[in-house]
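Thank you for making time this morning; I would like to walk you through one protein, beginning with the whole chain and then moving to two places in it. Please have a look at the sequence and the structure before I go on.

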Amino acid sequence: MKMYTKLIRTFLLSGEMPKSEKKDKVKFYITLGIIATVCIFIPCFLLMTFLVGATTVGIKEEILSNSMYAGNIGNGLLLVIQFICIFSMIFGFNIILNTFYFSGDIDHILPLPIKPQTLISSKFMAVLISESIMEFLFLLAAFLGYLIVTDVNILTAAMSIIGVFTLPILPLVYCGIITLLVMRFTKLIKNKNNVLTILLLASIIIIGIIAIGYVNNDSITEFVKMLATGKIRFIDIMNWIFPSTYFLVKAVSNSSIGAFLIYIIINVSAYIIFMILAGKFYIPGVKRISNNAIHQKESIIKVLANTKKENYKRTYLKKELKLLTRTPSFFSNCVLSNLLWPIVIILIFLIQGQDNIIVEFVNHYKQQEKLGLLVVFISVFAISAILTTANSIASSSISREGKHFPFMKYIPINYKTQLNIKALVSIIISYSFNFIYLLIISYYLETTFLDFLTFVTVSLLSCIFFTYLGIYLDTINPKLIWEDELNALRGNENTFFSMAISMIIAIVLGGGIYYLNKVILIPLSILKVMLIVILLMASVLIYYKVMNKGIKNIKEVEI
């Protein structure tokens, strides 16, 4: 047990972001941490609490008119935690794969007298603790939203708390079992750069789109009625895939100790099966990876023999683009993640049905009403800002170098050129998605050419400003110590700080534009020009900040 706890602590510490020793940087990061908490974690927590609470209230009203539905009072909570389990598998597979088979500690730990089950179990628990923090937050909010609007007692509260910290076990066990079997019996994943994780992510997204079809009703009222009657096929399917969710919600909603014991038995049984498989298949799977690594080194030698001289700026740009597109962890989190936002918006759109507030503002815009024009303009700016920071391309630009950071210091390319190329990569990828979304939105809104040109300009300037802001934050305290590519992104506080700052700026500028237009009565055309000028000036200022203070920060980083 002592060895087990030590391994867990070691794996947890290896994934943490190193803290700066300089007092001014520590104070700066504490301030950013408070900002991120206020602008990201608290709003997400409150939103989830409200969503589950409001849905449960609607179900309770339906139950009052028909007591036959009393057993379905927890269906709103059940649906939410089922989606959480799905996303836990989406991101869990990639994490489990990298932690089990591609982390740099394997060569050092395997020769030690440690049983495969102990090693796998400690790695699994480290992943469960470190990667489920946001999941714990959402689950806690979901159960809190349910308990607030229902009859709560000590038993249901205790079962809810235990459920918050144990629900992620089954999805991660699924990921672990799939990984063990795939790595042992197939050659689908020969190295980290294979695309299986991307295909898995795409398949889960397709499942999510299918799930959206089940909530495509005339209104949110009709959707709540379906939850109350238990006529949502998606929930029935997920109950078979994640049976632990069904029994936990049944235990909490009915104060059923029996259902809770079944929930515990399911998790324990799944974990035992996982450990048995790990004992048999883990070591052979690792050996196969080692053999592939030797083959890969031979391939690299052949590649180096065929290299030729090219323009250094173009070569560096290609290097950055290939790093993002050919590395599954970077590709799925930095590039492919940009495709998730339309799905979220579609989900919000479909759930609202005929009561759709989005459609209402779209109609206002098409009719050239002042409120619709104002809201759409502010939304374009806010969405462009958040999309640019959410993909973490800029805010991890230095961190992605990892142990290759000396490459930045010693190649014959000055820091200014390197940082500008990193910024260009972020702008190319982020703005490409933003531009496509603007085309679709503009077509749907039937915008004029002048409005489209304004949207494009605002979006581009937002992308430029927040790109250089993210790069600057990453120069202050880059996360250079990581075992695998995914570890360079997860736990990287710079991404959260960048998102939090973008939200604050979007709220301040968006709220200011709304106030100036609705209260001071400044015409929207003037406010558009004002925002473009502000973004242009801010982009110039942050550019010079990066080129001066940012470069100084990089020079101070010890190798």
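Before the first number, a word on terms: accessible areas here come from the Shrake-Rupley method with a 1.4 Å probe. On that basis the protein, which I should stress is a predicted model, exposes about 27,600 Å², and carbon and sulfur atoms supply 70% of that area. The secondary structure comes to 24 helices and zero strands, and buried residues make up 49% of the 559 residues. If we take the contacts with a separation of 6 or more, 83% of them are between residues 24 or more positions apart.

Let me turn to the surface, where Phe435, Ile436, Leu439 and Ile440 form a nonpolar patch with about 350 Å² of accessible area together. One of these residues, Ile440, is found in helix H20, which covers residues 415-445, and Ile440 counts as exposed because its relative accessibility is 52%, where the cut-off for exposed is over 50%.

My second place is Arg400, found in the loop between helix H18 (370-390) and helix H19 (405-410). Is Arg400 buried or exposed? With a relative accessible area of 3%, Arg400 is buried, and its side chain has polar partners: a polar atom of that side chain lies 2.7 Å from the backbone oxygen of Ile393, while a polar contact of 2.8 Å joins it to the side chain of Ser396. Leaving aside neighbours within four places in sequence, Arg400 is in contact with several residues, among them Glu320, Leu323, Phe330 and Trp482.

Conventions
Residues are numbered from 1 along each chain as its sequence is written. This is a predicted model: local features need pLDDT of at least 70, side-chain atom pairs count only at pLDDT 80 or more; totals for chains, interfaces and linings use all residues. Side-chain values use heavy atoms; hydrogens and water are left out. Helices (H or I, at least four residues) and strands (E, at least two) are DSSP runs, numbered from the N terminus. Buried means under 20% relative accessible area, exposed over 50%, partly exposed in between (1.4 Å probe, protein chains only). Contact means heavy atoms within 4.5 Å. Patches are made of residues with over 30% relative accessible area and no salt bridge: like charges are joined within 9 Å, nonpolar side chains (Val, Leu, Ile, Met, Phe, Trp, Tyr) within 5 Å. A salt bridge is a side-chain nitrogen of Lys or Arg within 4 Å of a carboxyl oxygen of Asp or Glu. A polar contact is a pair of N or O atoms within 3.5 Å; within protein, one must be able to donate a hydrogen and the other to accept it, and residues adjacent in sequence count only if both atoms are side-chain atoms.
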